[in-house]
Amino acid sequence: MTPPTASNRFSQDLRAFPRRSLHYNASLGRNILNRCLNLLAGVFASIAVLPLLLVLAYVLLKGGSLIQPSLFSQLPPPPGSEGGGIGNAILGTAIVTALASLVAIPVGVGGGVYLAEFANKGWFSQFVRFGNDVLAGVPSIISGVFVYGAIVSTRIFFGQSYSALAGGLALAVLMLPTLIKTTDEGLRLVSNDLRLGSYGVGASRFVTITRVTLPAALTPIATGTVLAIARAAGETAPLIFTALFSPFWPEGVFNPIATMSVLIFNFAIMPYEPQNQLAWAASFILVLMILVANLLSRWFSTLKNV
Amino acid sequence: MTGESRSEAFTLRRRPTSEKLVDQGFRQLTFVLAALVAALLAAIFATVLRGAWEAIQTFGWSFLTTSAWDPVNNTYGAFTAIYGTLVSSFLALLLAVPLGVGTAIFITEDLLPLSIRHLIGGMVELLAAIPSVVLGLWAIFVMEPVIRPLLQGLHNSLGWMPLFASVPQGPGMAPAILILVVMILPIITAIARDALQQVPIELRQAAYGVGTTRWGAIFNIILPAAISAITGGVMLALGRAMGETMAVTMIIGNSMTFNLSLLAPANTISSMLANQFGEADGIQVSALMYAALVLMLLTFVVNILAQVVVRRLSLRY
């Protein structure tokens, strides 16, 4: 007997190996399972999209049908009676959100600049980034409790307890982590060549940051800011016991103020149909604002960076 | 331009003191602003702890295990709310994780044209932008009436189990869990999608090369490779679910009596805070601060664990 050659052994192995078709066999168990799982994933994705479609449809149809000029110019009616508007709440949301932005944007962008431009890889920047992530996870209601404990109950602002300013500060606490993170990450994406070029022509650190790197990172920072503002405008939990609510037109930043989100909460749980209607109308305006902000931020992010 | 003035332009000038001062000042300013974040975190903790101190001394640990919430006699125990927070967020997670990860798989696999998958992804992201209070409004007037017959059916067929023992009468734990699912779904989907997209294509190609099916590759190769980031995302979602306030408050019924049934009205820490803080005084405020402290510690732990999971187990290929 001659020993089996290599090719001989190979053909023997091939014969021992079960012959399978290379063609796709649809009735094979695993292929059936495959198709079932494809379908299941599709079903899951449809379930995930369904709530958005339903919420948008109801808010836009139900709320949209209530939009009329008096909604913007009148005060909410007393419980149970018809008519009226939510003018004070629209104005109030604008005021409180503006106050929050005025506090949060300088602090957030400044903190982000420090992390991205000045901080070395020491414990301090690590700690601040970590703290920022923790702050981002703090429930929104806790920021309300904090402002209540620190500002409302201590009556630190000229003896006033509930105030628009307290509400704005509570919202600022929520906006801050987003702003720091987007500024930090946006600035770190800026090419170092730009900085070196700027130093090379004799610019100082301050001029380099304010004239070169910040403008170069404007797109991500603006996107993050717009989203943070939109998010703050829709927040309710921190406002319930800081800004409270008011059935009147805003009376300065040291008094309680009406906001759309708190109005939705208060009026949704009232057993009166006209109030419920106003809650839907306020939802419409709020959702529309947030949709616009989201589209705006997407448009920002398509703009070419420097 | 003459040669003389050009050589002047290139002299090594000393930086003026004012310029140095501006640089230094700017650096110090941004440092203070960054430090403000850490200070803010400490201030939040200190404020809540100081507010809660009276209740901590009065009720001690029994606050966590008793369920009496009696403003008339000033005895407080937050067990009902703590139980509600934990049960609602864990059950919501149980439903949202398969849905979210399934959706993420669906939009990262090439089952449909890219434009449709982008649309689905964008819509799920948009869901995250809808304010919680609007979802609550929708839950009260649209979702709850629709699912009540389903819950009634659940009660009729499984009513012998303590979990479904009560008759659904509107607001309750079950609708609250469903609205929580809607709220945390976008987080899980977004993080799972990013994680799945980062799995190197070579792994998938190799799996297909040795003859596996699509789902064989997903379950054996792709999901295990992305599991750490997905776990981190799930924990972030858990933290969000625990702290979620408005939508839950509007639909959970805010009952301070303990009930094992998921169909009965219940309460969570955050909805208790939202409901009672405005009208509370005396030691009730302190008791609410104590509950807020518990909530804060719960979310701290969950969020820090999430970060550790993501950092320690992050994808290394």
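## Two chains and a buried helix

The buried residues of helix α11 of chain A pack against helices from both chains: α4 (87-118), α10 (218-234) and α12 (273-302) of chain A, plus α6 (132-158) and α10 (246-252) of chain B. Contact here means that the C-beta atoms of two residues, placed from the backbone, lie within 7 Å. Helices (H or I, at least four residues) and strands (E, at least two) are DSSP runs, numbered from the N terminus.

This is a predicted model, in which local features need pLDDT of at least 70 and side-chain atom pairs count only at pLDDT 80 or more, while totals for chains, interfaces and linings use all residues. Residues are numbered from 1 along each chain as its sequence is written, and chains are lettered from A and ligands numbered from 1 in the order in which they are written.

Back to α11(A), which covers residues 260-268: eight of its nine residues are buried, so this helix is largely enclosed by the rest of the structure. A residue counts as buried if 20 or more other C-beta atoms lie within 10 Å of its own, exposed if 12 or fewer, and partly exposed in between, with C-beta atoms placed from the backbone. The buried ones are A:Met260, A:Ser261, A:Val262, A:Leu263, A:Ile264, A:Phe265, A:Phe267 and A:Ala268.

Now for where the chains meet. The contact takes 68 residues from chain A and 71 residues from chain B. On the chain A side, helix α2 (residues 29-64) gives the most, with 20 residues. That side of chain A divides into 48 nonpolar, 17 polar and three charged residues. In this sorting, Ala, Val, Leu, Ile, Met, Phe, Trp, Tyr, Cys and Pro count as nonpolar, Asp, Glu, Lys and Arg as charged, and the others, Gly among them, as polar. For the complex, the predictor gives an ipTM of 0.87 and a pTM of 0.88.

Chain B has 12 helices and two strands, running α-α-α-β-β-α-α-α-α-α-α-α-α-α from the N terminus on. The radius of gyration of chain B is 26 Å, well over the 20 Å that the globule rule gives for 317 residues, so chain B is more spread out than a compact globule. (The radius is taken over C-alpha atoms, and the rule is 2.2 Å times the number of residues to the power 0.38.) Along its principal axes, the C-alpha trace of chain B spans about 95 × 65 × 35 Å. Of its 317 residues, 48% count as buried.

Three residues of chain B are worth a look.

| Residue | Place in chain B | Other C-beta atoms within 10 Å |
|---|---|---|
| B:Tyr76 | strand β2 (residues 75-76) | 24, buried |
| B:Asn74 | loop between β1 (69-70) and β2 | 11, exposed |
| B:Asn254 | loop between α10 and α11 (269-276) | 21, buried |

B:Tyr76 touches B:Ala55, B:Phe59, B:Phe63, B:Trp69 and B:Ala287, leaving aside residues up to four places away in sequence. Its C-alpha atom is separated by 7.8 Å from that of B:Gln284, 208 residues apart along the chain. The two asparagines have positive phi values without being glycines: B:Asn74 is near 55°, and B:Asn254 is at about 50°.

How far to trust chain B? Its mean pLDDT (the predictor's confidence in each residue, from 0 to 100) is 87, and 94% of its residues reach 70 or more. Confidence in chain B is lowest in helix α1 (residues 3-9), at a mean of 51, and highest in helix α4 (residues 79-108), at 93. Where pLDDT is low, the predicted coordinates should not be read in detail.
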